Amino acid sequence: MANDGPVEHGYPHLETVRAAITALYRRLSYDTVRTFATSVAPADVAFSDVDDLYLGAQRVARELVRHYRLPDARMIVGFREMRHAANIELAAGPEYFVELNDRFRTHRRDIGAALAHEIMHVYLHRLDLSFTGTRENEILTDTATTYLGAGWLLLDAYREDAASSQKLGYLTPEEFGYVLAKRSLVFGEDPSTWFTSAQAYTAYAMGMRRARQDEQQPPLTAAGWAGRRRYARDRRHAQDQVPVAVAGAPYAFTPDVRGPLRVTFPCPTCHQRIRVEVRGRVRARCALCRTVLECDT
Ligand SMILES: [Zn+2]
Ligand SMILES: [Zn+2]
């Protein structure tokens with residue numbers, strides 16, 4: 001888990017984040033994702049500076065193991081001086097050694113965040129779900145942690161004041177906010193009251209705006225006027241078989257001389273591509289996440 005450097009903002013990893021959400025649904029199935037409807041509760045991972053360091057770390061680790069449903073996994077948490085924030089050894093188990101940076105000895109309230117990320121590595125390892133390359137894999141880990149209900153801790157560990165800044169994980173604060181918002185929209189959960197960090201709250205609000213935009217892209221009926229107008233123009237070109245690059249648009253038309261025109265677009269929930277016939281109002285259901293999509297094609 002990365003530790004240092006200036007805090008990056010915006011959505012530089014958005015494509016990988018979306019691919020990670022799709023991969024989670026594919027690997028876990030809709031039913032398993034639904035079993036994570038309740039997030040880790042703040043009280044269950046609370047850790048104050050008067051708690052015993054080792055007993056407290058073990059208790060929080062056990063709580064996360066329980067949340068991820070890794071019943072036979074045992075985490076042995078240690079502390080040492082290191083460049084990174086934390087590290088875990090991905091062995092066969094059932095014992096896993098988690099190392100936390102020495103600074104957590106005096107920043108105990110963020111131990112839950114660090115453990116949430118590290119223990120997710122075990123979860124994904126057991127699922128045999130990984131992305132190629134360290135950076136992609138860490139983005140998958142942060143996204144999975146957040147989508148499955150423990151990543152609000154990572155976002156809450158993001159704090160900035162005039163003197164210092166701290167952020168854990170590879171996603172930007174806004175990207176954590178985005179994944180958390182997508183989770184909130186699916187499960188009808190409101191994590192905003194759990195934040196102790198004002199910056200985390202702001203990043204969540206921004207991420208929510210971005211997540212809402214996913215639901216307002218044509219051909220979805222919730223799309224705005226400008227998007228719909230552009231969509232109608234692109235469709236006209238596609239119907240006339242005029243080759244037109246729909247640059248920057250989330251949808252694509254697949255003209256077919258033998259059959260009806262079809263449009264493909266990403267599911268606003270899981271980002272798997274959906275394909276429907278172009279024939280006015282269409283109600284589609286995403287086969288992967290089961291979201292019902294009202295479209296005007
Ligand atoms: Zn990691
Ligand atoms: Zn979907």
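**Note on the zinc site and the strands of this predicted model**

1. The donor residues of the zinc ion (ligand 2) follow the sequence spacing C-x2-C-x15-C-x2-C. C270 sits in the loop between β7 and β8, and C289 in the loop between β9 (281–285) and β10 (292–296), so this pair ties together parts that are 19 residues apart in sequence. Strands here are DSSP runs of E of at least two residues, and helices runs of H or I of at least four, numbered from the N terminus.

2. This is a predicted model in which local features need pLDDT of at least 70 and side-chain atom pairs count only at pLDDT 80 or more, while totals for chains, interfaces and linings use all residues. Residues are numbered from 1 along each chain as its sequence is written, chains are lettered from A and ligands numbered from 1 in the order in which they are written, and side-chain values use heavy atoms, with hydrogens and water left out.

3. The zinc ion (ligand 2) has as protein donors the SG atoms of C267, C270, C286 and C289, lying 2.3 Å from it. Donors are N, O and S atoms within 2.8 Å of the metal (3.2 Å for Na, K and Ca); water is not among the atoms, so sites may look incomplete. The 4 donor atoms subtend angles of 102 to 114°, which makes the arrangement tetrahedral (four donors with all angles between 85 and 135 degrees). The ideal tetrahedral angle for four donors is 109.5 degrees. Both C270 and C289 are buried (under 20% relative accessible area, 1.4 Å probe, protein chains only).

4. β7 (residues 262–266) is joined to β6 (residues 252–254) by 3 bridges, the two running antiparallel; two strands pair if DSSP finds at least two bridges between them. β7 also pairs with β8 (residues 273–277) in the antiparallel sense, over 5 bridges. R262 stands opposite T254 and also opposite E277 in β8. The hairpin of β7 and β8 has 6 residues between the strands, and H271 in the turn has a positive phi of about 70°.

5. An open sheet of 3 strands has the order β1-β3-β2 with mixed pairing. Its edge strands, β1 (74–80) and β2 (86–88), each pair on one side only. The twist averages 20° from one strand to the next. β1 and β3 (residues 95–101) are parallel, with 7 bridges, and M75 has Y96 in β3 as its bridge partner.

6. Helix α4 (residues 111–127) lies across β1, β2 and β3 and runs at about 145° to β3. Contact means heavy atoms within 4.5 Å. Axes are lines fitted to C-alpha atoms, for helices over the stretch in contact, with angles from 0 to 180 degrees between N-to-C directions.

Technical notes. Four donors count as tetrahedral if all angles lie between 85 and 135 degrees; four count as square planar and six as octahedral if opposite donors are over 155 degrees apart and all others between 65 and 115; anything else is irregular. Buried means under 20% relative accessible area, exposed over 50%, partly exposed in between (1.4 Å probe, protein chains only).
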